Amino acid sequence: EIGNDRVEGTLKLYGKYPREQLVNCSPSFAFTMTVPAQLEARLESHNGDLTVTDLGGNLSGTTHNGDVVAKGSASKVAIETHNGDVRAEFAGQGALDGTVVTHNGNVTLAFADKVDATVEAATHNGSLNAKGLADAKISRRQLSGRVGAGTGKLSVTTHNGNVTVN
């Protein structure tokens with residue numbers, strides 16, 4: 001059964017199941033939503049992937065166990081996963097600000113020609129590749145560079161994973 005709650009402009013979707021009948025089972029639920037392109041999305045999942053496509057509004061996405069895939073033209077992002085990869089394609093124009101964090105996973109980023117951001121990335125255990133950045137500087141654990149004019153600031157962190165900027 002699917003449940004939903006609306007509180008102060010927030011829609012919460014969740015799956016409901018008879019816990020006493022499914023004691024040793026792991027039910028799975030997936031949701032697909034179509035929303036206006038300029039909507040600001042604040043998404044959270046505890047055990048599942050987040051996939052966002054064609055979003056023009058700002059994006060905040062957090063999952064504890066799952067990947068985050070984002071494609072859109074947001075000007076502000078806050079993406080975090082504790083155990084999963086992040087793949088993001090930024091297609092907007094102008095300054096891009098925000099954070100991308102994964103504790104155990106790889107980060108792969110791609111930027112459209114009209115995006116402007118200074119990218120600073122770090123990894124504790126992984127490799128760094130900045131072929132998509134101008135003025136790139138790479139050390140053992142950090143990289144920096146810019147996309148376009150570099151007017152925005154995007155901070156990227158992974159503790160155990162690679163960072164690739166295409």
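**Notes on a strand-only predicted model**

1. Let's begin at the surface. K114 has a relative accessible area of 56%, and because anything over 50% counts as exposed, K114 is an exposed residue. Please keep in mind as you read that this is a predicted model.

2. Where does K114 sit in the chain? Look in the loop between strand 11 and strand 12. Leaving out residues up to four places away in sequence, K114 touches G92, Q93 and G94. You can also find A149 from here: 35 residues separate K114 and A149 along the chain, and their C-alpha atoms are 8.9 Å apart.

3. Now step back to the whole protein. How many helices and strands does the protein have? The count is 0 helices and 17 strands. The C-alpha trace spans about 60 × 35 × 20 Å along its principal axes.

4. A few totals help to describe the fold. The protein has 166 residues, and 33% of them count as buried. Among contacts with a separation of 6 or more, 34% are between residues 24 or more positions apart. The accessible surface is about 9,800 Å², with 45% of that belonging to carbon and sulfur atoms.

5. Charges deserve a quick look too. The protein carries 15 positive and 17 negative charges. The mean positions of these two groups lie 5 Å apart.

6. Next, the aromatic rings. Searching the whole structure gives 2 aromatic pairs. One of them joins F90 and F111: the ring centres are 5.5 Å apart and the planes meet at 25 degrees, so this pair is stacked. Why does the pair tie together parts that are 21 residues apart in sequence? Because F90 belongs to strand 8 (residues 86-90) while F111 belongs to strand 11 (residues 107-111).

7. Are these two rings' residues buried or exposed? F90 has 6% relative accessibility and counts as buried. F111, with a relative accessible area of 14%, is buried as well.

8. Both phenylalanines turn up again in the largest nonpolar core, which has 31 residues. Which members touch the most other members? They are F90, L109, F111, L154 and V156. Strand 12 (residues 115-125) supplies the largest share of this core, with 4 residues.

9. Finally, try selecting V156 in the viewer. Setting aside neighbours within four places in sequence, V156 is in contact with V100, V107, L109, V119, E120, A121, A122 and V163. L109 in that list is another of the core members that touch the most others.

Conventions. Residues numbered from 1 in each chain as written. Predicted model: local features only at pLDDT ≥ 70, side-chain atom pairs only at ≥ 80, totals over all residues. Heavy atoms only, no water. Helix = DSSP H or I, 4+ residues; strand = E, 2+ residues; numbered from the N terminus. Buried < 20%, exposed > 50% of the residue type's maximum accessible area, 1.4 Å probe, protein only. Contact = heavy atoms within 4.5 Å. Areas by Shrake-Rupley, 256 points an atom, 1.4 Å probe, with all protein chains shown as cover. Lys, Arg positive; Asp, Glu negative; His and termini not counted. Charge placed at Lys NZ, Arg CZ, Asp CG, Glu CD. Phe/Tyr/Trp six-rings, centres within 6.5 Å; stacked < 30°, edge-to-face > 60°. Core = buried A, V, L, I, M, F, W, Y, C linked by side-chain atoms within 4.5 Å.
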